[in-house]
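Reader: I should like to request a close look at one part of this structure, with the criteria stated alongside each value.

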Amino acid sequence: MPKLLPERLSNALIDLPRRNKQALMLAGDAVLLIASLWAAYALRFGEWFQPNRSQLLLMAIAPVLAMPVFLKMGLYRSVIRYLGEQALWSVVKAMSLAALLWAALAFMTQMTGGQGVPRAVPLLYWLIGTVLVAGSRFSARWLLWFPVRSRFAGRQVLIYGAGEAGRQLAASLRRGRQLFPAGFLDDDGTLQGKDIAGLRVYAPEQLESLINRFDIHDVIVTLPSASNARRREVVSELERHPVRVRILPSLTDIASGRHLVNMVREVDIGDLLGRDPVAADPALLGRCVRDKVVLVTGAGGSIGSELCRQIAALAPARLVLLEASEHALYQIDRLLRSIGEQEVVPTLGSVGDADLVARLLATHRVDTIYHAAAHKHVPLVEANVLEGARNNVLGTLTVAQAAFDAAVATFVLISTDKAVRPTNVMGASKRLAELLVQDFARRASAGGTGQRFCAVRFGNVLGSSGSVIPLFKEQIAQGGPVTVTHPEVTRYFMSIHEAVELVIQAGSLAGGGEIFLLDMGEPVRIVDLARNMIRLAGQSVRDEANPDGDIEIVMSGLRPGEKLYEELLIGSSNAEGTSHPKIMKATEPGLEAEALAERIDALRAAMAIGDKAAVRTMLMRVADDRR
């Protein structure tokens, strides 16, 4: 298709060298100033004006007087395509001074006997000149954007937030080829209606009309210094409209504005579920890690790998990794070696291998253990009872026993809210693991070893391998349906980074035998989570109220062992605060040593003959004992 005349003209102007563009603007302004003076005389006399020789000379002098003023005021420094409302004020100031200089010269010639100048002419000259000079620039801006708008039709975006980050993002988008900014949205009334960096600022209430006007499909939220609560509020408002919402990271993730386009990401459900984080206590973070030998079991898992990343940043003397999956171990080992200089010891093996674990602790003289190795997917553990018990219970026993024997100073078990009044094998196995850790804490206390054994209990973490969120994303990408087990099922959620940061700090707070509880905020209904994720993907929910929607939510029924809601406490009032506002500790009694030993012996006997039913019964019996 042949190009339109405005597009051809725009491309020709853009391709000119900068000096040629400035010369063209100077010549254009000279013509406009002469035309302004002629129009001022014509309006004053009310007829077609034919200037005499003196008046022609005064008109010719006007650009000579104005050009130095225009240059000084920076009217030729701005890039016309990115002209903003501040340019209008510059034109007004420059034209005012130019008109005053011309008027002074004109009245001086009158005093020397030259042709007189009516007093209204300088005022009219200033007014008409301001309109023509400013209008020429904004008209040129429209012309220069014409091919851009044509090329990016259907790929224009709105930027929420007209602050510094928003302006940098707009500039970065303009240099790219994927998306183009159509304007800003901002709830600051003093900015609405103005032009910033060449883009108009609109009120958020105008979004619906802007979607139709500019064919908008995306809105990018740029509020890097806002709280999570404010971001949630903005995203909740935007998701009511048929647009895909994206978001810039927080200020702590932005080092400079040079790569802002690459930093734009899809809105993560964590932006809606997360809380404003409490700043970590550096002393607590480093107490069990800095200059110490640290072992992480399950180092390649979602929790274990995040533990490794954060521990590596805290300057341990050595970081020992234990992982049963070769691929997962390779990935985390490669990552750690690329981001730090600390010594990393990758070890392929199982937490159930007592000889391997004992050898690791003795060889490296481990100071701290974070035991994250576990099978945690409820339906899979329910279907593989023997392996769940072997890894979650006997694996914990093996590592804790080796830690006790090797005089390891700190042992931290990563537990789960599913260990509270469990209704499934996974939760029961983790509760038994907690009881084992409490037993070793008692033994360490009785023996005066100074060792500290504790557990940290928390709910779902965003992005972990067992989380429902990756499943929902996959189902939405496939066009649905999204499956929810029950309309009233609720879960706690926390970002994986915050959860691990709190785990490390909780270990530093341990005295021995505590079960620490992380403040998970308010529980979230899974069906609401599904609706939010569908809307954030730019889709609509298909239901009775909206039969023409895009994706349906289907209730699949509770899975074996699944509860409607999770808890963090076994009792109703057996938790107390700690020095950290996000960490509590429970005062839950364990089993007597003899009773616990009997349970473990019986469990091992049942596992030895492969009696799944007996193993399940024994695990659930332990859970019943602690209700």
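Is the crossing of α16 and α17 left-handed or right-handed? Please describe the surroundings of that crossing as well.

Author: The model is a predicted one, in which local features need pLDDT of at least 70 and side-chain atom pairs count only at pLDDT 80 or more, while totals for chains, interfaces and linings use all residues. Residues are numbered from 1 along each chain as its sequence is written, and side-chain values use heavy atoms, with hydrogens and water left out.

The crossing of α16 and α17 is right-handed; a crossing has this hand if the near helix is turned clockwise from the far one by less than a right angle, and is left-handed if anticlockwise. Helices here are DSSP runs of H or I with at least four residues, numbered from the N terminus. Two packed helices are described by the angle between their axes and the distance between the axes. For α16 and α17 the angle is about 15° and the axes are 9 Å apart, where axes are lines fitted to C-alpha atoms over the stretch in contact and angles run from 0 to 180 degrees between N-to-C directions. The two helices are therefore roughly parallel, a description that applies to angles under 35 degrees.

Contact means heavy atoms within 4.5 Å. On the α16 side the residues making it include V385, G388, N392, L397 and F404; on the α17 side they include V425, L432, L436, F440 and R443.

Two of these contact residues, F404 and F440, also form a tilted aromatic pair, with 5.9 Å centre to centre and 50° between the planes. Rings of Phe, Tyr and Trp (its six-membered ring) pair if their centres lie within 6.5 Å; planes under 30 degrees apart count as stacked, over 60 as edge-to-face and the rest as tilted. Because F404 lies in α16 (residues 385-405) and F440 in α17 (residues 425-447), the pair ties together parts that are 36 residues apart in sequence. F440 counts as buried, at 1% relative accessibility; buried means under 20% relative accessible area, with a 1.4 Å probe and protein chains only.

The pair belongs to a wider group, since ring pairs link F404, F411, F440 and F453 into a cluster. F404 has a further partner in R443, which lies over the face of its ring at 4.9 Å from the ring centre. A charge sits over a ring if NZ of Lys or CZ of Arg is within 6 Å of the ring centre and within 35 degrees of the ring normal.

Terms used
Buried < 20%, exposed > 50% of the residue type's maximum accessible area, 1.4 Å probe, protein only. Parallel < 35°, antiparallel > 145°, perpendicular 65-115°, else oblique.
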